Number of protein chains: 2
Amino acid sequence: MPESNVSAEEIFSEFKEHSISEFFRKNSQMLGYSGKVKSLTTIVHEYVTNSLDACEEAGILPDISVEIKQISESKYGIVVKDNGPGIPIKIVGKALARVLAGTKFHRYIQQRGQQGIGAAGCTLFALITTGKPIHVISSTGKQSFECDISIDIKTNSPVVDNVNSLGGGSSGLSIYGEFGEVKYERSDHGVYEYLKRTALSNPHISLRLVEPDGKDIVFPRAVNEMPKKPKLIKPHPLGVGTNDLLEFAHRSTGRKISQFLMDTFSRVSQGKIAEIKELVPSLDLDKEPRNLKWDDAESIVDAFKKIKWIAPELDSVSPIGEEQIRVAIKNILNPEFISVIERKPRVFRGGIPFVVEAGIAYGGGAGKAGNDGGASGNVLRFANKVPLLFDGSSCAITEAVKGIQWKRYGISNFDEEPVSVFVNVSGVYIPYSGVGKQAIAQEEEIIDEIKLAVMDCARNINKYIRGIRNKNLQESKYKTIMRYVNQLSSDLSDITGREKEEIKKSLEKIIEGRYESLFKEDEGEDGQQLVERGVTGE
Amino acid sequence: MPESNVSAEEIFSEFKEHSISEFFRKNSQMLGYSGKVKSLTTIVHEYVTNSLDACEEAGILPDISVEIKQISESKYGIVVKDNGPGIPIKIVGKALARVLAGTKFHRYIQQRGQQGIGAAGCTLFALITTGKPIHVISSTGKQSFECDISIDIKTNSPVVDNVNSLGGGSSGLSIYGEFGEVKYERSDHGVYEYLKRTALSNPHISLRLVEPDGKDIVFPRAVNEMPKKPKLIKPHPLGVGTNDLLEFAHRSTGRKISQFLMDTFSRVSQGKIAEIKELVPSLDLDKEPRNLKWDDAESIVDAFKKIKWIAPELDSVSPIGEEQIRVAIKNILNPEFISVIERKPRVFRGGIPFVVEAGIAYGGGAGKAGNDGGASGNVLRFANKVPLLFDGSSCAITEAVKGIQWKRYGISNFDEEPVSVFVNVSGVYIPYSGVGKQAIAQEEEIIDEIKLAVMDCARNINKYIRGIRNKNLQESKYKTIMRYVNQLSSDLSDITGREKEEIKKSLEKIIEGRYESLFKEDEGEDGQQLVERGVTGE
């Protein structure tokens with residue numbers, strides 16, 4: 001064996017630390033910046049997502065506009081403007097130019113953003129592709145200003161320059177950035193598709209897009225109501241790990257573990273405390289929570305798992321709503337048939353609540369239009385109402401839809417029928433598979449729940465498709481009989497001496513009159529009924 | 001429209017910053033910790049990868065052992081031990097318990113690790129699943145010690161406890177950790193498969209695995225030579241963006257931009273400087289690099305793109321080597337046929353060098369064994385010699401292999417033949433699609449190059465499979481003729497009165513003797529020849 005020729009001291013002499021900004025500067029593809037079209041969509045996605053969260057938190061019906069101008073071959077200027085609450089001047093730098101900073105990370109509430117990476121990632125991407133800071137105009141209603149914002153990559157700190165106070169006006173935020181290595185394109189992964197889907201999952205917003213060629217597109221507001229505001233809730237005992245429990249306990253200033261448990265978690269009552277005592281007799285629940293040790297915390301978590309709990313509170317989850325989805329799908333896809341399902345909240349990993357909504361649209365503008373005029377099935381994925389356009393192959397939603405035996409539901413080949421499957425997963429915590437948040441991790445409980453939701457919808461679609469098939473069958477039988485009427489009328493006219501046309505008319509009347517009862521036995525259950533109810537059928 | 005009911009000041013009053021450790025504590029699935037089997041493999045992967053990098057940097061042929069013990073249902077203890085250079089005591093905390101710290105991030109050299117996340121991620125995962133620090137024994141040869149290492153999540157700082165000096169001995173590192181939410185399983189995604197593939201792509205290592213049931217498995221060293229050491233190189237002008245150039249320039253203490261360019265990048269000569277001057281006459285290359293501005297940097301990068309350059313230096317890339325791959329595949333899969341290709345280095349994104357090696361193994365132990373005794377095609381993915389077991393569907397390697405028309409190469413259905421496709425992508429910088437480094441981002445230039453490499457191999461496989469088919473065809477013709485020999489011998493015996501057996505023997509001799517020339521015209525080019533060369537054929 002050769003002698004070691006480099007010592008540990010030499011190897012580790014180069015040991016260095018680096019900032020999270022530096023990490024993402026080198027690995028911007030992890031934030032969604034890979035490929036010119038995808039990078040442009042990522043930028044719009046980050047800004048629009050933040051605007052929506054801010055508007056909803058402030059209780060404002062969102063009006064958002066996105067304007068894209070081409071500067072040179074792969075350099076574009078992007079303006080995203082909203083009517084939200086604005087950002088106060090003392091926060092604006094950190095909010096837009098410090099990776100891992102924000103209002104959402106520590107909260108137990110459902111919002112689109114959760115990481116505090118998105119907007120700072122955009123600033124970083126502008127900087128490394130054009131060297132230009134972003135320009136911000138913000139008004140909180142009371143205070144208005146503009147400024148340039150950049151980022152010191154080595155220290156992950158914001159740099160705010162050229163601050164100007166502006167006159168009053170209504171609140172809102174406008175961000176202008178110049179980005180290189182991007183491209184505008186009306187493809188599946190492009191901004192147009194992204195905004196169309198955003199409108200689909202957020203029927204309460206008004207969205208405007210000005211394309212580089214000047215085309216001005218508006219996705220109008222479909223419902224005038226704000227979605228129900230998600231509530232900050234206490235975590236459910238089943239959703240907590242030993243490490244989480246310790247974190248909470250060590251932050252607590254309470255006197256007794258028992259009180260701390262009741263204050264911190266939902267569904268923990270005096271009765272449940274008694275059950276815990278019974279399950280872990282060795283544990284002293286009168287001790288101070290800040291002195292809780294791992295082993296005791298673990299025994300509490302184990303006890304949590306043995307106790308029967310009421311399900312988590314649902315107020316934390318804010319789904320889109322069955323009726324809202326139906327209206328939005330009708331508005332945007334205008335299909336022949338829609339089936340929408342909102343499932344009851346479930347939990348994953350023991351206690352993290354989530355809700356799956358699913359919709360299937362069939363015919364009309366549903367499916368993905370092919371070059372041959374036909375349409376193929378497509379899956380519209382959403383997490384907390386945000387469209388997921390990328391990394392579909394590694395997403396729980398794709399996995400669930402792929403696992404469904406579509407033939408059972410009258411769809412012989414999903415890839416060759418005009419069908420769109422819409423799935424939205426909502427929850428306080430969505431386990432994304434990557435920092436770019438483009439796919440939901442393939443956790444079994446989530447996949448199963450999505451599958452059930454889509455299969456629920458598919459059953460209705462099945463009835464509808466069977467209805468179409470029955471109707472077609474009846475029509476073809478009807479036509480066959482009608483073909484004989486002409487000949488029969490002639491023959492009867494010869495025999496009886498009456499006018500052929502007269503005989504034909506009476507025959508047709510008889511057949512038409514008897515038509516429905518004649519073929520009643522062919523009808524599959526309620527198939528025909530569903531066809532008639534058409535678009536509003538469920 | 002409703003009135004805004006929450007002000008910007010209220011919303012942003014909760015604005016907080018959080019550490020990268022905190023981020024990954026909440027999103028450990030992004031580091032590969034999702035699913036019990038996958039989580040266990042991720043831990044082993046991180047430690048083994050670090051051990052291999054350290055051994056190779058120190059010039060030591062790696063001996064690595066992995067021991068896995070079950071503690072309770074989903075809690076396991078893992079020991080990973082190597083004969084590497086060890087870690088000095090003053091570095092050990094940061095090296096194993098600070099996310100985004102390491103020796104590799106800023107270097108332009110090919111190594112398995114590049115992010116400074118892996119080992120600290122393991123410590124974090126131990127902490128959040130069992131609350132236990134990891135126990136480390138390190139010897140640099142001169143200095144030996146043991147200690148416990150934990151991590152202060154809020155500040156992303158290491159906590160080193162219970163340090164004990166130990167007696168001397170040879171160098172090496174041993175890490176013991178206890179992890180919850182994990183499971184040992186001999187599945188496709190398990191530790192056994194991971195180590196088997198590690199042995200496949202690193203024929204110079206000796207690898208031992210002790211499974212929880214005590215089974216002791218050794219993947220022996222296949223070659224006794226260290227791989228050629230990758231060299232630290234200067235970046236190629238075509239691989240640099242404006243932002244990179246500015247970074248380099250602002251760190252420079254040189255006097256002139258021209259000299260700085262020649263010192264910093266490879267292939268930049270006085271002649272090239274003259275070309276740059278000609279392309280950007282307005283630029284003063286005698287100015288100090290530390291004052292370089294974005295526009296000037298951009299014009300230099302634009303000029304770089306217009307100049308003809310010699311390809312990047314190849315010393316930076318350390319592929320496995322054609323012969324090494326062949327030996328390893330034979331050792332571990334023992335197939336009937338192997339074809340291996342090492343392509344010339346290429347560049348992506350203009351100037352980042354990478355090398356693709358591909359191998360195809362057919363028959364024998366190749367392919368993925370099915371329950372029915374048959375085998376199906378599988379893809380063995382590697383990046384810098386590290387097996388990639390997860391996220392296959394989003395990986396450039398899978399995408400490339402999927403895009404090949406296997407029928408053209410004699411494989412009528414990839415999913416139903418005993419074929420393994422081996423692909424290793426090596427380079428100073430691999431664009432992983434996620435922090436967990438389980439898939440290579442689908443960059444077009446990389447996909448294309450992988451495709452070419454695999455198709456090169458496939459051509460040889462095609463010849464081999466055609467050879468088998470021809471041989472089968474010949475054998476069947478031979479058998480048909482032989483069937484007549486018996487009857488013919490009887491008849492000739494009747495006619496001539498000579499012994500039947502005697503006649504039969506002479507007939508057989510004639511047929512056998514003429515067999516080869518008889519069917520020579522049926523042979524596809526060099527098919528038969530390849531069959532005979534078998535395992536070493538190419």
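How do strand β5 and strand β6 of chain A pair, and over how many bridges? They run antiparallel, with six bridges between residues 134-139 (β5) and residues 144-152 (β6) of chain A. Keep in mind that this is a predicted model. Here's a quick tour of the sheet around that pair, the helices lying on it, and one helix-helix contact.

**The sheet**
- Chain A has an open sheet of eight strands, and the order reads β7-β6-β5-β8-β3-β2-β9-β10, with mixed pairing.
- At the edges you'll find β7 (157-166) and β10 (216-219) of chain A; each has a single partner strand, so one side of each has no neighbour in the sheet.
- Going from one strand to the next, the twist averages 15 degrees.
- Within the β5/β6 pair, V136(A) sits opposite C147(A) of β6(A).

**Helices on the sheet**
- Helix α3 (residues 36-58) of chain A packs on the sheet and touches β2 (63-72), β3 (75-82) and β8 (172-179) of chain A. The direction of α3 makes about 10 degrees with that of β3(A).
- Helix α5 (residues 118-130) of chain A also packs on the sheet, touching β3, β5, β6 and β8 of chain A. For α5, the angle with the direction of β8(A) is about 30 degrees.

**Helix against helix**
- Helices α6 (residues 191-201) and α11 (residues 322-333) of chain A pack at about 145 degrees, and their axes are 8 Å apart.
- On the α6(A) side the contact uses K196(A), A199(A) and L200(A), while α11(A) brings A328(A), I329(A) and I332(A).
- By type, the contact residues come out as five nonpolar, one charged and no polar.

How values were computed:
Residues numbered from 1 in each chain as written. Chains lettered and ligands numbered in written order. Predicted model: local features only at pLDDT ≥ 70, side-chain atom pairs only at ≥ 80, totals over all residues. Axes fitted to C-alpha atoms, helices over the stretch in contact; angles between N-to-C directions. Helix = DSSP H or I, 4+ residues; strand = E, 2+ residues; numbered from the N terminus. Contact = placed C-beta atoms within 7 Å. Nonpolar A, V, L, I, M, F, W, Y, C, P; charged D, E, K, R; others polar. Pairing = 2+ DSSP bridges.
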